[in-house]
Amino acid sequence: MPQITPQQDQAFRRRLEIGGAFSRVLIPLSLGITRRALLRAGVSSHERRLAGILSHYYYAPAHRKAVTSHPLVLIHGIADNALTWAFTMRGMTKIGSVYAVDLPGFGQSGYPPGRRFATIAEQVAVIQALIREVIGQPAILVGNSMGGWVAARVAELSPELTRGIVLLDPGGAQLNGRPSWEHFVATVSVPDFVTVRRIYRQMFGRVPLALYLGQASFRDLFARDAVRQFIEAASEDDFFTSEDLQSISTPTMLIWGDRDRFLPEGSFEFFRDNMPRAELHVLKGSGHLPQREQPRRLVRLVRSFALKQGVPSSGK
């Protein structure tokens, strides 16, 4: 995808000032189109109360030539939703059955009773309940950003529920405590469109031109209670210590985009150094969202990882 030039940036900024209403609906419109396309392609939409929270997930059955019997649970990041996996779901079904979850307060999932955000512990409880009550067997968890934080915490607390974890640019590194995250917190408060464009450059290896037309709707994603109140309520106890990561015995793959500048500096090194047994892949040219920028490469990596975990498909 072509990168934006300064001249194009100025032109788009002028259009945004004139057409703010279109900018505000562009991302919701795009998500609606993506959802309808998935449903037409045979993906089904489900609601179920998990860990006391009305939760939504998409389900895609395993392809008849799936190479393993492992179910896959796909977990999105902050200010995102399950549709972030749209470009990977078809490929993932050739590995096993796929469950793409909207975490509490995101996508079509509800909030915990009496609150407008969910803690990491509550998000973990939803994934644990999904595996126990819906899937019924250990799964491979594929988590991006905050979703990687959740996946790794599930593996730490409930290794019996996980066949393996694939962490894509995961969040949750304690680093040097709360001060390490102050700049990140200030950025994701998204006070203006200058910050929106800064986030674009931090998140994407190559910024899609269409995002420059949807800056208002992108900003709205981060302005939601589910994001802001989550960040405000997060405590240092929620973050991973070195000992937490080193205690994870579940097979792990760590994937990082070499152009990711979204998370606090040192996050990659924290996970790499404290999960020395993890299979590591650094994706050249990718930013914070490999599932959007390099979906085919991601599917190939997950397929390779899944095959190493045993339990081949009965159809093999």
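Helices (H or I, at least four residues) and strands (E, at least two) are DSSP runs, numbered from the N terminus. The loop that holds L175 is named in these terms, running between β6 (162–168) and α6 (178–188). The legends below describe a predicted model.

**Figure 1. L175, a residue with positive phi in the loop between β6 and α6.** L175 is found in the loop that joins β6 (162–168) to α6 (178–188). Its phi is positive, at about 50°, although L175 is not a glycine. Most residues other than glycine have a negative phi.

**Figure 2. S145, a buried residue in the loop between β5 and α5.** S145 follows β5 (139–144) and precedes α5 (146–157), in the loop between the two. The residue is not a glycine, and yet S145 has a positive phi of about 60°. With a relative accessible area of 4%, S145 is buried, because residues under 20% are placed in that class. Among the residues in contact with S145 is I78, which is shown in the next view.

**Figure 3. I78 and its surroundings in the loop between β3 and α3.** I78 is placed in the loop between β3 (72–75) and α3 (86–92). Is this residue, I78, buried or exposed? I78 counts as buried, at 12% relative accessibility. Leaving aside neighbours within four places in sequence, its contacts are S145, M146, V227, F230, I231 and F262. One of these, V227, also takes part in the contact of α8 with α9. P61 is 17 residues away from I78 in sequence, and the two C-alpha atoms are 26 Å apart in space.

**Figure 4. W85, a buried residue in the loop between β3 and α3.** W85 also has its place in the loop between β3 and α3. Its relative accessible area is 0%, and W85 is therefore buried. Which residues does W85 contact, leaving aside its neighbours within four places in sequence? They are L74, I75, H76, A100, V142, N144, L168, Q291 and L298. W85 and Q229 are separated by 144 residues in sequence and by 25 Å between their C-alpha atoms.

**Figure 5. The largest nonpolar core and the place of I127 within it.** This core has 67 residues, of which V73, I127, L141 and F262 touch the most other members. Helix α4 supplies the largest share of the core, with 8 residues. I127 touches V73, I75, V101, L103, L141, V150 and V154, not counting residues up to four places away in sequence. Another core, of 27 residues, lies apart from this one, and its members include L72, L83, A100 and L168.

**Figure 6. Q128 in helix α4.** Helix α4 covers residues 120–135, and Q128 lies in it. The relative accessible area of Q128 is 14%, so this residue is buried. When residues up to four places away in sequence are not counted, Q128 touches V154, L157, S158 and L161. V154 is also touched by I127.

**Figure 7. The crossing of helices α7 and α8.** Two packed helices are described by the angle between their axes and the distance between the axes. The axes of α7 (residues 193–203) and α8 (residues 215–223) come within 10 Å and cross at roughly 85°. This angle makes α7 roughly perpendicular to α8. On the α7 side the contact involves F193, V196, R197, I199, Y200 and M203, and on the α8 side Q215, A216, F218 and R219. By class, the contact has 7 nonpolar, 1 polar and 2 charged residues. Y212 is found in the loop between α7 and α8. It is buried, with a relative accessible area of 2%. R198 is 14 residues from Y212 along the chain, and their C-alpha atoms are separated by 11 Å.

**Figure 8. The crossing of helices α8 and α9.** The axes of α8 and α9 (residues 225–233) come within 5 Å, and the crossing angle is roughly 45°. At this angle, α8 is oblique to α9. L221, F222 and A223 of α8 make the contact with D225, V227 and R228 of α9. The classes represented are 4 nonpolar, no polar and 2 charged residues.

**Figure 9. The span annotated as "domain: AB hydrolase-1".** An unreviewed UniProt entry lists this domain at residues 72–300. In the model, the end C-alpha atoms of residues 72–300 lie 14 Å apart, and the span is 43% helix and 14% strand.

Key: Residues are numbered from 1 along each chain as its sequence is written. This is a predicted model: local features need pLDDT of at least 70, side-chain atom pairs count only at pLDDT 80 or more; totals for chains, interfaces and linings use all residues. Side-chain values use heavy atoms; hydrogens and water are left out. UniProt positions are given in the numbering used here, feature names are shortened, and annotations may be inferred rather than shown by experiment. Buried means under 20% relative accessible area, exposed over 50%, partly exposed in between (1.4 Å probe, protein chains only). Contact means heavy atoms within 4.5 Å. Axes are lines fitted to C-alpha atoms, for helices over the stretch in contact, and angles run from 0 to 180 degrees between N-to-C directions. Angles under 35 degrees count as roughly parallel, over 145 as roughly antiparallel, 65 to 115 as roughly perpendicular and the rest as oblique. Ala, Val, Leu, Ile, Met, Phe, Trp, Tyr, Cys and Pro count as nonpolar, Asp, Glu, Lys and Arg as charged, and the others, Gly among them, as polar. A nonpolar core is a set of buried Ala, Val, Leu, Ile, Met, Phe, Trp, Tyr and Cys residues joined through side-chain atoms within 4.5 Å.
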